[in-house]
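Here's a walk through one model, going from a sheet to its neighbouring loops and on to a few residues further along. Have the structure open while you read.

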Amino acid sequence: MAAGGAERRPRYFMAREVAEAGRPRLSALGRVYDLGPLLRERRGDVTLAPLLGAVGTDVSHCFDPESGDPLPRVEPRTGQTGSRYPLGTPGSSQSLTPRSDGAPPLDAAWWRDPRLQVGRLTAAPRLLRLCNTLTGQNCVVEVCGEEPVGEALWRAKAWKEQLERYTACYGGVPLRLHLSLEQNGIPDSTSELRSLRLDPKDFIPTVLLYFNDDAGNATEAPTVTSSPP
């Protein structure tokens, strides 16, 4: 929860962002994790090898979607119940050997650590075309359908200066930057187009950028003035 009791808006990631080189991220059950704090705390811990091997991938198949816990498996050497995970137990600080009290080994539940959860994996990646009405320049950017328009537009990093000085409109109406594309009347027709055997890349919605001149003629409309968190 953010200050004042308001719920903090999640940041959305695309699968390619999770897989970016140099970032120890992975996703599971729609959540994106940054393993950096864990790796720093347990530097040199060989039991983290399975977790390191999964960096950049989605490991949802290893977890129960209802409980959120790792799916169980039986360790063939000991008969002990552990966690199903590629090549071993995910980030366990305990070895998979029987305990003197007969209880199963304990895992380090990194998937429940709020420090490591940095956002959500988008279920609706989509393309958006930006058109500068003053210069005629165009660019196509991939965005997350769930995120607010203000954050989606900032994915066009090379257009940062333009976005700060222009008003974004669709269908002649200024976009409300705190709402998503769908909420601004820009539907995602990807599934429908594919069902018709049409290429969605041929039907990318276009957002028009209008310059805010010194006289402030466009200042009544919302402008892209803040970057995403």
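Let's begin with a hairpin: β2 and strand β3 (residues 31-34) run antiparallel and pair over 4 bridges. Helices (H or I, at least four residues) and strands (E, at least two) are DSSP runs, numbered from the N terminus, and two strands pair if DSSP finds at least two bridges between them. One of the bridges matches Arg25 with Asp34 in β3.

A quick word on the source: this is a predicted model, where local features need pLDDT of at least 70, side-chain atom pairs count only at pLDDT 80 or more, and totals for chains, interfaces and linings use all residues. Residues are numbered from 1 along each chain as its sequence is written, and side-chain values use heavy atoms, with hydrogens and water left out.

**The sheet**

The hairpin belongs to an open sheet of 4 strands, in the order β1-β6-β3-β2, with mixed pairing. At its edges sit β1 (12-13) and β2, each of which pairs on one side only. On the β1 side, the pairing with strand β6 (residues 117-121) is parallel, over 2 bridges, and Phe13 has Leu121 as its bridge partner in β6.

In a regular strand the side chains alternate between the two faces of the sheet. What covers do the faces of β2 (residues 25-28) have? Both are covered, with Arg25 and Ser27 on one side, Leu26 and Ala28 on the other, and all of these buried. Buried here means under 20% relative accessible area, exposed over 50%, and partly exposed in between (1.4 Å probe, protein chains only).

**The turn and the loop beside it**

Between the two strands of the β2-β3 hairpin there are 2 residues, and Leu29 takes a positive phi near 50 degrees there. Most residues other than glycine have a negative phi. Leu29 is partly exposed, because its relative accessible area is 25%.

The loop between α3 (49-53) and β4 (72-74) comes up to this turn. Ser60, in that loop, touches Ser27, Ala28, Leu29 and Gly30, leaving aside residues up to four places away in sequence; contact means heavy atoms within 4.5 Å. Ser60 also makes a side-chain polar contact with the side chain of Asp58 at 2.8 Å. For a polar contact, a pair of N or O atoms must lie within 3.5 Å; within protein, one must be able to donate a hydrogen and the other to accept it, and residues adjacent in sequence count only if both atoms are side-chain atoms.

Asp64 is in the α3-β4 loop too. With the same sequence cut, Asp64 touches Leu29, Asp69 and Leu71. Asp64 and Leu29 are 35 residues apart in sequence, yet their C-alpha atoms are 8.7 Å apart in space.

**Further along the chain**

Leu196 and Arg197 are both in the loop between α6 (190-195) and β11 (206-211). Arg197 is another non-glycine residue with a positive phi, near 60 degrees. Asn212 comes in the segment after β11, and a polar contact of 2.7 Å joins its side chain to that of Thr167.

Here is how some of these residues compare in accessibility:

| Residue | Relative accessible area | Class |
|---|---|---|
| Asp64 | 25% | partly exposed |
| Leu196 | 53% | exposed |
| Arg197 | 80% | exposed |
| Asn212 | 14% | buried |
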